[in-house]
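Work through the exercises below with the sequence and the model open. Try each task before reading its solution.

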Amino acid sequence: MVKQITSVYLGIRKNKLVEVQDQNIEEIGLDVDSLEEIFRNSSIKFPQKLTPELAEEIGIHIGDGHLSSNRYRYKLFGNQDESEYYKNFLTGLYQRLYNIKVRLEKRVKDGNIIGFEFCSKPVWLFKTKTLGLITGRKDFVLVPQLILNSGPAIWRAFIRGLFDTDGNLYFQTRYGYKNYYPLISLTSKSKELSKITCEMFIKLDFKANYYTTRNGEGVIQLYGYENLLKYAKEIGWHNTKQLNKFLDWKRRFPNLAEKRAASGI
């Protein structure tokens, strides 16, 4: 594999920030040689390179996905108010990445959720052996090493997938305006996931905070107009539920939002 050096950035290895070489995204290959035989007679396909699209799917998986520990089962479910996200984005994503045509289903008894599940040994092995994702409960899930060892474009895509599924965007009442001051946040049972993701934000020049709750959860918070507008420009949302919150905020406070952002508040 030929590496094209484009710049130098601060990456993450073994949960510590170090200086590494940035590689062209198209030149970052995946170790899939051991899976070739399994995929040879399957209609399932798998990515040969770590692209932003795959990185986003990894973030989605960590956010709302679940990989069975004793079967080759994968499932992804969210609230029904995210139906547009599942129909218009996620179904196409899994078709493009894995050649899987997922069938969406609604489950009222399980908490009024929507999503899909399927059994696939090739996908299960790809996710566990190549991507390094864990099975079972995600209380101690980590950001996969291949994400940490990549670069800013991959980090942004991973964050988008994670926050689209497990993050929150809401607006507090401040300065005499109701539902005005923005906060982007994520709370996870995995303190390490939150901590390292927060460090990724900081290396992407966001003003992010991390803390742990009394019950041991890790929390990431990004306050303010500057963070919100930077997030919208550089990361964005494919989840229309979150995107519509941002668009509604801009419609309600167009002048104030631009003025605050310009002044660096």
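The exercises concern a helix and some ring pairs in this predicted model.

**Exercise 1.** Find where T128 lies, and decide whether T128 is buried or exposed.

Solution. Start with the element: T128 belongs to helix α4, which covers residues 121-130. Next take the accessibility. Buried means under 20% relative accessible area, and T128, at 16%, therefore counts as buried. Last, look for its contacts beyond the neighbours within four places in sequence: these are L67, L133 and T135.

**Exercise 2.** Work out how many of the ten residues of α4 are buried, and describe the ends of the helix.

Solution. Go through the helix residue by residue. The buried ones are P122, V123, W124, L125, F126, K127, T128 and T130. That makes eight of the ten, so α4 is largely enclosed by the rest of the structure. Then turn to the N-terminal end, where S120 acts as a cap: one of its side-chain oxygens lies 3.2 Å from the backbone nitrogen of V123. After the helix comes G132, with a positive phi near 80°.

**Exercise 3.** Classify the ring pair of Y72 and W124, and locate both residues in the chain.

Solution. The model has 29 aromatic pairs. For Y72 and W124, the ring centres are 5.3 Å apart and the planes stand at 75°; the pair is therefore edge-to-face. Y72 sits in the loop between β3 (65-67) and β4 (73-79), while W124 is in helix α4, so the pair links distant parts of the chain, 52 residues apart. Now compare exposure: Y72 is partly exposed, with a relative accessible area of 37%, whereas W124 is buried at 14%.

**Exercise 4.** Do the same for the rings of F206 and Y231.

Solution. Here the centres lie 6.4 Å apart with the planes at 65°, so this pair is edge-to-face. F206 is in the loop between α7 (191-203) and β9 (209-212), and Y231 is in helix α8 (residues 225-234); the pair therefore ties together parts 25 residues apart in sequence. Both accessibilities fall in the buried range: F206 has a relative accessible area of 4%, and Y231 is at 1%.

**Exercise 5.** Which rings have the charged ends of K127 and K230 over them?

Solution. Take the lysines in turn. The charged end of K127 sits over the ring of Y74, 4.7 Å from the ring centre. For K230, the ring is that of F206, and the distance to its centre is 5.0 Å. F206 is the residue already met in the pair with Y231.

Conventions
Residues are numbered from 1 along each chain as its sequence is written. This is a predicted model: local features need pLDDT of at least 70, side-chain atom pairs count only at pLDDT 80 or more; totals for chains, interfaces and linings use all residues. Side-chain values use heavy atoms; hydrogens and water are left out. Helices (H or I, at least four residues) and strands (E, at least two) are DSSP runs, numbered from the N terminus. Buried means under 20% relative accessible area, exposed over 50%, partly exposed in between (1.4 Å probe, protein chains only). Contact means heavy atoms within 4.5 Å. Rings of Phe, Tyr and Trp (its six-membered ring) pair if their centres lie within 6.5 Å; planes under 30 degrees apart count as stacked, over 60 as edge-to-face and the rest as tilted. A charge sits over a ring if NZ of Lys or CZ of Arg is within 6 Å of the ring centre and within 35 degrees of the ring normal. A polar contact is a pair of N or O atoms within 3.5 Å; within protein, one must be able to donate a hydrogen and the other to accept it, and residues adjacent in sequence count only if both atoms are side-chain atoms.
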